Amino acid sequence: MKYTTAIVLASTGLASALTQQCTGTAAEEGGNWFCGVIDQILYEGFSGSGTYKAVTNMGENGQCDSEDIPYSGPLAPLDEDLSIHIRGPINFKEVAVYNLASESKKRDLAPSPHVHARRHGHQHFHEQRKQKRADWVTATIDGKVVSWENNYLVPATEVAPVETAATEPVDYAVPEEPAAKEPAPTIKAADDSKKSTKSKASSKTNSKSKSKSKPAAGGNWDRVGYYNAEQQVADNIVFLGNYGGEGSGIFDSVWGNSLSYLNAKGDGGSDSPNILADALIPSNKEFAIFSSEKCDESCGYARASDVAYKGFAGANKVFLFHFKMPLDGDRSFNGDMPAIWALNARIPRTMQYGDCSCWTTGCGEADIYEVLASGDTKCKSTFHLKNGAGSSDYFDRPVDRYIKVATVFDEKTASVAIKQLPDDFDFSEGLNDETVRSWVSGFADASKGSSLFQLAT
């Protein structure tokens, strides 16, 4: 395989060379550029500091109020709590979320500080679909820096590459830590505000005790969320969707649907939490995964208090996915375009599809496995941040078999790795740090199907 050599961009403020590898030969398809197929990619060069505008109120008159939120850290604002989002067609078997043990312990002892273009297609608002604003993606292809406008919700033929040198304050429930050490075939919610502080402290202690035995160098990783479709286990996991007004959440003619609880089939709302069934999620249906910890003041504003849950926070976190993305031949809106991505959880708690969220000001989105055209078999990755961009290298869409994929947010190297795992990899209660470290190394070896992309700062 061939890698494009690193180049130096002469623009003001960029002092070092950028590596934006293009594996194989670049080709344009329907307005998007694709290089070569890979099975792992490492993103570096996150800006680490700045501000974004967080929503503080969504008024009945359509006014969206906001305030500046500063962020700082090697992976900020992606170190804030993230929600996981899935769109069909997909068979979704497992997800596991891990935090570095020391970071998990830190959050147990103190509350989170008050401090996270394409959004993916389905909107319930007067039965209409709004088009999203375009987003610029930059890559180095055959030694040239190439940018194009990815207007993801318009037909791809319209996109061309160019060469460049709740209206009332939320009344939050008091959160309770999830109590799971072993998964059980029920959803373990953390929203019983009547339990004592003593019992919550005890739960925290018990849920983290496993991290104390023989930690590896750098510390072990604790599993803090887990879903298994076949076993019908949801441990510190809540499934939500944009179906506000269907049993939970809110619907009005100003802002449309808020989040709601998801029904077991994954195609509508519910008045209570459900475990997602082991079934195919069809085209243009999507759902979100949050922790089962109810929001407190650290979440900021949320439109619907009954379904205001925290995502998964931390500068060191790992998402593991087990899934298949079969072809279904749908060519309607968002048809046959599966995706897995993560959002700053502030976005869906306010308005996932629309302008009243922090998305437009760069609070963070990470596209992990995303099909950009109906029926395509290529999955791209992209980061939507103030300095966001996406590689033109791509993953094969797993249309006829299940695969396992890791996404690692690593504070030590200020990088995010996306990597396909062996089929027999176990989503166990803990990860060895040596294993995680290996996932963020070895990305310069072409024989491994590796790619490296550095964001311009």
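Which residue forms a salt bridge with Asp81, and how many Å apart are the closest N and O atoms? That was my opening note. I kept in mind that I was looking at a predicted model.

**Entry 1: Asp81 and its partner**
I found that Arg349 is the one bridging to Asp81, with 3.0 Å between the closest N and O atoms. Next I checked how covered the two residues are. Arg349 has 4% relative accessibility, so I put it down as buried. Asp81 comes out at 14%, so it goes down as buried too.

**Entry 2: the count, and another pair**
I searched the whole structure and got 16 salt bridges. I then picked out Lys93, whose side chain meets that of Asp278 at 2.9 Å, N to O. Is Lys93 buried or exposed? I noted it as buried, because its relative accessible area is 12%. Asp278 has 37% relative accessibility, so I wrote it down as partly exposed.

**Entry 3: a pair within a helix**
I moved on to Asp433 and Arg437, which form a salt bridge with their closest N and O atoms 4.0 Å apart. Why are these two separated by about one helical turn? Because they sit four residues apart in helix α4, which covers residues 433-439. Asp433 is buried at 3% relative accessible area, while Arg437 is partly exposed at 23%.

**Entry 4: a network**
I also looked up Glu29. I found it linked with Asp376 and Lys378 in a network of salt bridges.

**Entry 5: an arginine without a bridge**
Arg87 caught my eye in strand β7, residues 82-87. What is the nearest side chain of opposite charge to this buried residue? I found Glu286, 4.5 Å away, and no salt bridge for Arg87. A salt bridge needs a side-chain nitrogen within 4 Å of a carboxyl oxygen, so I could not count that pair. I did find the side chain of Arg87 reaching the backbone oxygen of Met337, at 2.7 Å.

**Entry 6: a cavity**
Last, I turned to the second largest cavity, with a volume of about 50 Å³. Which residues line it? I listed Ala54, Val55, Tyr301, Arg346, Thr350 and Cys358. By type, I sorted this lining into four nonpolar residues, one polar and one charged. I also asked which elements each supply at least two residues of the lining. My answer was strand β5 (49-58) and helix α3 (346-350).

Notes: Residues numbered from 1 in each chain as written. Predicted model: local features only at pLDDT ≥ 70, side-chain atom pairs only at ≥ 80, totals over all residues. Heavy atoms only, no water. 1 Å grid on protein atoms, 1.4 Å probe; cavity = no way out; pocket = protein on both sides within 12 Å on 5 of 7 lines; lining within 4 Å. Points joined across faces, edges and corners; volume = space filled by probe spheres on them. Nonpolar A, V, L, I, M, F, W, Y, C, P; charged D, E, K, R; others polar. Buried < 20%, exposed > 50% of the residue type's maximum accessible area, 1.4 Å probe, protein only. Lys, Arg positive; Asp, Glu negative; His and termini not counted. Polar contact = N/O pair within 3.5 Å; in protein donor to acceptor, adjacent residues only side chain to side chain.
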